[in-house]
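Ready for a few exercises at the screen? Try each task on your own before reading the worked solution below it.

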Amino acid sequence: MTRDGVSLHDRAAVVGVGETSYLRGSKDSALALQLQASLTAIRDAGLEPGDIDGVVPVGITGAPAEEYIANFGLVDLRFSAVVPHGGASGIGALQAAAAAVNAGIAKHVLVPSGRNVSSGDKAGVRIHQMPQFRLVTEFEKPAGAIAPAQLYAPMARRHMELYGTTSRQFAEIAVSTREHAGMHGNAVMTKPITIDDHQSSRLIADPFRLLDCSLESDGGAAFVVSSPERARDLAQPPVHLAGIAMGHPDSPSSITQRPDLTKVGIAKAAPIAWGMAGLGPDDVDVAEIYDCFTYVVLCQLEDMGFCAKGEGGAFVEGGRLRLGGALPTNTHGGLLSQGHMLGMNHIVEAVRQLRGTAGRAQVDGAQVAIATGYGDMGDGGLAVLTRGSR
Amino acid sequence: MTDDLSTGYWDGARRGVLVLQRCTACGHVRHYPTLLCPACHSDTVEPLEASGRGTVHSWTVAHHAFDPAFAGELPYTLVTIDVEEGPRVLARLEPDPADLRIDQPVTIGFAPGAGGTPVPLARPA
């Protein structure tokens, strides 16, 4: 594949990552979790808070940039932006940070996130406070379409009816993801599960069973983006951004009105990100794919070109997504088992894999990793990351 | 340009009729309501009463109440319907058929939902 003319290819690096513990019932506020993860990421890079001159807080959970000025005593914040794309916000923030670094607007951009949902409203209440869900709130909530599980289930059902995709194939994703969470250690759900466990878990919104659904959990995650030139002088092996793009599905605010229910925004982003990277699905050593629901992983695999539309069910069978399989996926346990950190944990894990510091879940010699985002009603993002050289 | 985008829909819903938007410039029929026609960008629009005929595009059966107001109604079926005029509507389906299938014909009306708001209600045709 050829690279697009003007691009962010190798123009930015992820130089620091940080996470808190993922848990339920955290006593820390969302802002406290964001600051803890941010300090870890900044020090991981070998930087001090005062080195940060850009902040892109992630999504609905992010405190405004001003909170970071206040808490870190920043005197010269030169770049900030808002990326309101739900679970695609982490990739969107990485794109914004990379663009700012590449343009010379900022030297070191912090992307923080953190949430405490144990003490607040659940997803079925939260989403109706968001402008992105305005149409759902007005036209669909009165009928009883309230939570993401109910809004997304018709996408999965349509896929099953058109292509013969099965709930047992969704289960393959839940099982391998849980296995990886157990190997990672910092995860909410670590007890191994089987396909039969999945099949006997209760129905939430048919075809989604309990074990198709991601967790409601607390925690913080953050990363720091700098130029590749500056990255060489920092503390960690550099991880380069090879390609990145965001994409929005048709009818982005209503799944009901979407022409093709089986496609999401990453279908538009992926060709651009692959082209920018000069890489494709066959080059990927490890994949961290946004997994708010099992089906959403399967759908993105198709939309990114790992297999054709309709073949995702067969693609995920036979342990392909397990460590040791052809495409180790969500090696941290994802949103399904590690914790729902809006996909920021996917970016952190991709960086650790490329540094070779992913512990028991390390993919030997990983050189190319992807992280994806999926937000709100299907906004999508794909980042292709590569192991840089000193 | 008016921001009262939904008035036509809700007036129709209270009468039991699905009302969509039709662009008076190019004839494009749309739902949910928008200020501008996505096809020609005109802001002139008229209400269009739908025939009430449609076919099943997809569905889900809710088994968990994410809002206590719906706990007493479980399980219930939400069906995504291709409306004859072009757009789609998300409706409750009654009675719950044993074997729902894509392209199955349905008729669309309205019935009071939880809290009294009129909710699209589909029945197998």
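**Exercise 1. The sheet of chain B**

Work out the strand order of the open three-stranded sheet in chain B, and find which strands lie at its edges.

Solution. In this predicted model, the strands of the open sheet in chain B follow the order E2-E1-E3, with antiparallel pairing. Next, look for strands that pair on one side only: these edge strands are E2 (29–30) and E3 of chain B. Now zoom in on one pairing: E1(B), residues 19–23, runs antiparallel to E2(B) and is joined to it by two bridges. To place a bridge residue by residue, start from Arg22(B), whose bridge partner in E2(B) is Val29(B).

**Exercise 2. A salt bridge in chain B**

Find the salt bridge between Glu49(B) and Arg15(B), and decide how buried or exposed each partner is.

Solution. Begin with the distance: the two side chains meet at 3.2 Å, N to O. Then place the partners: Glu49(B) belongs to strand E3 (residues 45–49) of chain B, and Arg15(B) to helix H1 (residues 7–15) of chain B, so that the pair links parts of the chain 34 residues apart. Finally, check the accessibility. Glu49(B) has a relative accessibility of 47% and therefore counts as partly exposed. Arg15(B), at 52%, is exposed, because the cut-off for exposed is over 50%.

**Exercise 3. Salt bridges in chain A**

How many salt bridges does a search of the whole structure find? Once you have the count, examine the pairs Arg355(A)–Asp44(A) and Arg157(A)–Asp206(A).

Solution. Over all chains, the search gives 17 salt bridges. As background, side chains of opposite charge can pair when their charged atoms come close.

- Step 1. Arg355(A) and Asp44(A) meet through their side chains at 2.8 Å, N to O. The two residues are 311 apart along the chain, with Arg355(A) in helix H14 (residues 344–355) and Asp44(A) in helix H1 (residues 30–44) of chain A.
- Step 2. Compare each value with the cut-off for buried, under 20%. Arg355(A) counts as buried because its relative accessibility is 9%, and Asp44(A) is buried because its value is 18%.
- Step 3. For Arg157(A) and Asp206(A), the closest N and O atoms are 3.0 Å apart. This pair connects helix H6 with strand E5 of chain A, across 49 residues.
- Step 4. Apply the cut-off again: Arg157(A) is buried, with a relative accessible area of 12%, and Asp206(A) is buried as well, at 15%.

**Exercise 4. Where chain A meets chain B**

Describe the contact between chain A and chain B, going from its overall extent to a single strand pairing.

Solution. Count the residues to begin with: chain A gives 31 residues to the contact and chain B gives 28. The buried area is about 2,800 Å², and carbon and sulfur atoms give 60% of that. Phe139(A), Ala143(A) and Gln257(A) supply 23% of the area that chain A buries against chain B, more than any other three residues.

Turn to the polar side of the contact. There are 17 residue pairs in polar contact between the two chains, with both residues at pLDDT 80 or more, while the search for salt bridges across this interface finds zero.

Which elements of chain A each supply at least two residues? They are helix H5 (134–140), helix H6 (148–163) and strand E5 (203–206). H6(A) gives the largest share, eight residues. By type, the chain A side divides into 17 nonpolar, five polar and nine charged residues.

End with the strands: E5(A) pairs with strand E4 (residues 53–62) of chain B in the antiparallel sense, over two bridges. Here Asp206(A) has Val61(B) as its bridge partner in E4(B).

**Exercise 5. The surroundings of Thr262(A)**

Is Thr262(A) buried or exposed, and what does its side chain contact?

Solution. Locate Thr262(A) in the loop between strand E8 (239–247) and helix H10 (266–277) of chain A. Its relative accessibility is 1%, so Thr262(A) counts as buried. The side chain of Thr262(A) makes a polar contact with the side chain of Asp260(A), at 2.7 Å. Leaving out residues up to four places away in sequence, Thr262(A) touches several others, among them Arg158(A), His159(A), Tyr295(A) and Lys309(A).

Notes
Residues numbered from 1 in each chain as written. Chains lettered and ligands numbered in written order. Predicted model: local features only at pLDDT ≥ 70, side-chain atom pairs only at ≥ 80, totals over all residues. Heavy atoms only, no water. Helix = DSSP H or I, 4+ residues; strand = E, 2+ residues; numbered from the N terminus. Buried < 20%, exposed > 50% of the residue type's maximum accessible area, 1.4 Å probe, protein only. Polar contact = N/O pair within 3.5 Å; in protein donor to acceptor, adjacent residues only side chain to side chain. Contact = heavy atoms within 4.5 Å. Buried area = accessible area lost by both parts, 1.4 Å probe. Salt bridge = Lys/Arg side-chain N within 4 Å of Asp/Glu carboxyl O. Nonpolar A, V, L, I, M, F, W, Y, C, P; charged D, E, K, R; others polar. Pairing = 2+ DSSP bridges.
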